[in-house]
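Student: I've got a new model open on my screen and I'd like to work through it with you. Can we take it one piece at a time?

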Amino acid sequence: MSAATDQASRATREANSERGKAIANILFNAGLAALFVGLFMEAGDLPSSMWEPLGAGSFPRLVLGALVLFNLAIMCQSMIELRRADPASSVGAGRWFIQRRLAFASLAAFCGYALLMPWLGFALASLLFLFIVQIILGARSGRRLLMACAVSAVFGPGLDALFGQVFMISLPQGRLW
């Protein structure tokens with residue numbers, strides 16, 4: 001296949017996937033917006049501090065509110081693109097999701113990390129998260145797997161020890177560990 005044919009085929013595929021991309025963007029950003037709204041509500045329950053007149057949850061709420069606005073803007077833009085796309089020659093959102101499966105797997109691993117943090121603590125949850133994400137991204141055998149173990153051990157328990165011993169900041173300890 002020549003370079004010109006490959007370039008034309010790629011342009012055709014991208015044009016055909018506009019509808020799927022728009023649908024996937026709407027669904028993905030709606031999910032993220034719902035997640036951020038939930039976290040926005042949770043941030044209001046953070047304990048107050050005497051050094052912060054606005055409260056401990058004010059900065060997370062500001063960031064989460066901005067993220068929700070960005071998600072809504074992307075959804076509006078995608079709805080406009082969806083209206084412009086030709087429904088007869090388009091592929092579905094499933095192809096868009098399959099093409100980005102590594103990103104979604106990493107996002108799912110991060111969600112698991114956030115959910116397991118209260119139970120396992122920072123050190124063990126970080127170790128597992130880093131190891132799983134490296135496996136997802138390609139460290140599946142031999143030397144790469146050994147490097148994934150080393151990186152996970154250094155940046156999981158190592159960061160916990162660094163913050164605890166050097167900075168005198170205790171990171172979350174788990175209920176089980």
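**Talking through the model**

Tutor: Let's start with one cysteine: Cys149 has a relative accessibility of 38%, so Cys149 counts as partly exposed. Keep in mind that this is a predicted model.

Student: Where is Cys149 placed?
Tutor: Look along the chain to residues 142-155, which form a helix. Cys149 falls in that stretch, and the helix is α6.

Student: How far apart are the C-alpha atoms of Cys149 and Leu130?
Tutor: Along the chain, the two are 19 residues apart. In space, their C-alpha atoms are separated by 8.7 Å.

Student: Zooming out, how many helices and strands does the chain have?
Tutor: Reading from the N terminus, the elements go α-α-α-α-α-α-α. The count is therefore 7 helices and 0 strands.

Student: What does UniProt list as "transmembrane region"?
Tutor: The unreviewed entry gives several spans for this feature. In the model, residues 122-139 are 83% helix and 0% strand, with end C-alpha atoms 23 Å apart. Residues 146-171 are 77% helix and 0% strand, and there the end C-alpha atoms lie 26 Å apart. The full UniProt list is residues 22-41, 61-80, 101-116, 122-139 and 146-171.

Student: What distance separates the end C-alpha atoms of helix α2?
Tutor: Helix α2 covers residues 18-43, which is 26 residues. At 1.5 Å a residue, α2 should span 38 Å. The model agrees with that, as the end C-alpha atoms are 36 Å apart.

Student: And what distance separates the end C-alpha atoms of α3?
Tutor: Same arithmetic here: α3 has 27 residues, 58-84, so the expected span is 39 Å. The model agrees, with the ends 39 Å apart.

Student: Which residues of α3 are buried?
Tutor: For cover, think of neighbouring elements: what lies over the buried residues of α3 includes α2. Helix α2 has buried residues as well, among them Asn25, Asn29 and Phe36. In α3, the buried ones are Leu64, Val68, Asn71, Met75 and Ser78.

Student: What share of the chain's residues is buried?
Tutor: The chain has 177 residues, and its accessible surface comes to about 12,100 Å². Carbon and sulfur atoms account for 69% of that surface. Buried residues make up 23%.

Student: Is Leu171 buried or exposed?
Tutor: Leu171 sits in the segment after α7. Leaving out residues up to four places away in sequence, Leu171 touches Phe122, Leu159, Asp160 and Phe163. Its C-alpha atom is also 7.9 Å from that of Gly121, 50 residues away along the chain. The relative accessible area of Leu171 is 16%, and under 20% counts as buried, so Leu171 is buried.

Student: Met168 is in that segment too. What is phi of Met168?
Tutor: Most residues other than glycine have a negative phi. Met168 isn't a glycine, yet its phi is positive. Met168 also counts as exposed, because its relative accessibility is 65%. Its phi is near 55°.

Student: Last one: which residues form a nonpolar patch on the surface?
Tutor: One member is in α7, residues 157-166: Leu162. Leu162 is partly exposed, at a relative accessible area of 34%, so Leu162 passes the over 30% cut-off for patches. Together the members have about 350 Å² of accessible area, and they are Leu162, Val166, Phe167 and Ile169.

Methods:
Residues numbered from 1 in each chain as written. Predicted model: local features only at pLDDT ≥ 70, side-chain atom pairs only at ≥ 80, totals over all residues. Heavy atoms only, no water. Patch = residues over 30% accessible without salt bridge, like charges linked within 9 Å, V, L, I, M, F, W, Y side chains within 5 Å. Areas by Shrake-Rupley, 256 points an atom, 1.4 Å probe, with all protein chains shown as cover. Salt bridge = Lys/Arg side-chain N within 4 Å of Asp/Glu carboxyl O. Helix = DSSP H or I, 4+ residues; strand = E, 2+ residues; numbered from the N terminus. Buried < 20%, exposed > 50% of the residue type's maximum accessible area, 1.4 Å probe, protein only. UniProt positions renumbered as here; feature names shortened; annotations may be inferred. Expected span 1.5 Å × (residues − 1). Contact = heavy atoms within 4.5 Å.
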